[in-house]
Amino acid sequence: MTIFLVVLFVPASVMAASDNSKLTQEEAQLWKEFFGESVAQNSLQKSEATVEDSVNLTGQWIGYYEYDMPKGQPDGAFTAVMKDLGDEFSMTFLEPRNHPSEYVQAAITLDPKRQGKYLSFTKSYSNSDTVIQYNLVIRHSGMVMDGTWRINDNVYGRAFFYRLKLDELKELKQQTEI
């Protein structure tokens with residue numbers, strides 16, 4: 001009897017899911033597990049497509065990172081220049097250096113990937129063997145990226161990026177003139 005019900009309802013359920021563009025991500029994951037990639041992926045893409053999925057991120061960015069672990073570490077600031085190439089991108093970072101003999105350090109992205117509004121990359125410094133894995137989400141029509149960074153299981157935290165536009169700087173300058 002159970003097999004009969006499954007045979008009866010599964011085809012109808014799959015058809016309903018393929019037409020339903022309002023699946024949540026959790027529902028889509030369940031459909032994927034039971035009925036395969038295509039039904040879940042098509043429904044999920046229809047329901048979650050946003051401006052952030054296709055916005056071009058090329059430009060100048062400023063931001064900061066903070067530590068979740070180890071506790072008590074100072075926050076850090078950075079500037080970045082990004083070239084958006086669609087599914088891939090490149091970024092060059094410039095950061096203050098907390099070292100007495102150096103003022104700044106430069107870093108680049110390795111293995112950059114973009115899938116819709118999600119970015120991942122590894123940041124590598126020119127003067128160090130340290131690599132940092134970033135996972136970010138694009139928000140606010142491509143003006144903000146935020147997420148997590150991780151060096152290892154003992155050193156990790158959160159990062160915030162804000163797109164800097166020349167017209168905003170000019171407006172700020174005008175607002176501060178006397």
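Which residue stands opposite Ala77 in β2? In this predicted model, the residue opposite Ala77 is Tyr64, and the legends below begin with the overall chain before turning to that pair of strands and to other close-up views.

**View 1. The protein chain as a whole, with four helices and eight strands.** Followed along the sequence, the elements of the predicted model are arranged in the pattern α-α-α-β-β-β-β-β-β-β-β-α. The protein chain has 178 residues, of which 30% count as buried, and its exposed area comes to about 11700 Å², with 56% of that area supplied by carbon and sulfur atoms. When contacts between residues at least 6 apart in sequence are considered, 38% of them join residues at least 24 apart.

**View 2. Strand β1 and its pairing with β2 and with β8.** Strand β1, which spans residues 59-69, runs antiparallel to β2 and is joined to it by seven bridges. Within this pairing, Gly63 has Phe78 of β2 as its bridge partner, and Tyr64 stands opposite Ala77. The pairing of β1 with β8 is also antiparallel and extends over nine bridges, and here Gln60 stands opposite Leu164 of β8.

**View 3. The two faces of strand β2, residues 76-84.** In a regular strand the side chains alternate between the two faces of the sheet. Strand β2 shows such an alternation, with Gly76, Phe78, Ala80, Met82 and Asp84 pointing to one face, where they are buried. Ala77, Thr79, Val81 and Lys83 point to the other face and are not buried. Phe78, the bridge partner of Gly63, thus belongs to the buried set, whereas Ala77, opposite Tyr64, belongs to the set that is not buried.

**View 4. The hairpin of β1 and β2, with six residues between the strands.** Pro70 lies in the loop between β1 and β2, and the peptide bond that leads from Met69 to Pro70 is cis, with omega near -5°. In the same hairpin, Gly72 takes a positive phi near 85°.

**View 5. The largest nonpolar core, made up of 22 residues.** The residues with the most contacts inside this core are Met91, Met145 and Phe161. At least two core residues come from each of the strands β1, β2, β3 (89-99), β5 (118-125), β6, β7 and β8 (155-164), and β6 gives the most, with four residues. In soluble globular proteins, nonpolar side chains tend to be buried together.

**View 6. The surroundings of Met145.** Leaving aside residues up to four places away in sequence, Met145 touches Leu57, Trp61, Met82, Met91, Leu119, Leu136, Val137, Ile138, Ala159, Phe160 and Phe161. Two of these contacts, Met91 and Phe161, are with residues that, like Met145, are among those with the most contacts inside the core. Met82, also touched by Met145, is on the buried face of β2.

**View 7. The loop between β6 (131-139) and β7 (144-152), with His140 and Ser141.** His140 lies in this loop and has a positive phi of about 50° although it is not a glycine. His140 counts as exposed because its relative accessibility, 56%, is over 50%. Ser141, found in the same loop, is partly exposed, with a relative accessible area of 46%. Not counting residues up to four places away in sequence, Ser141 touches Val51, Glu52 and Val55, and its C-alpha atom is separated by 9.8 Å from that of Asn56, a residue 85 places away along the chain.

**View 8. Strand β4 (residues 102-115) and a nonpolar surface patch.** Leu94, Tyr103 and Val104 make a nonpolar surface patch of about 330 Å². Tyr103 has its place in strand β4 and counts as exposed, with a relative accessibility of 68%. Asp111 is also in β4, and its phi is near 50°, a positive value in a residue other than glycine.

Notes: Residues are numbered from 1 along each chain as its sequence is written. This is a predicted model: local features need pLDDT of at least 70, side-chain atom pairs count only at pLDDT 80 or more; totals for chains, interfaces and linings use all residues. Side-chain values use heavy atoms; hydrogens and water are left out. Buried means under 20% relative accessible area, exposed over 50%, partly exposed in between (1.4 Å probe, protein chains only). Contact means heavy atoms within 4.5 Å. Accessible areas come from the Shrake-Rupley method with a 1.4 Å probe; for residues, only the protein chains shown count as cover. Two strands pair if DSSP finds at least two bridges between them. A nonpolar core is a set of buried Ala, Val, Leu, Ile, Met, Phe, Trp, Tyr and Cys residues joined through side-chain atoms within 4.5 Å. Patches are made of residues with over 30% relative accessible area and no salt bridge: like charges are joined within 9 Å, nonpolar side chains (Val, Leu, Ile, Met, Phe, Trp, Tyr) within 5 Å. A salt bridge is a side-chain nitrogen of Lys or Arg within 4 Å of a carboxyl oxygen of Asp or Glu.
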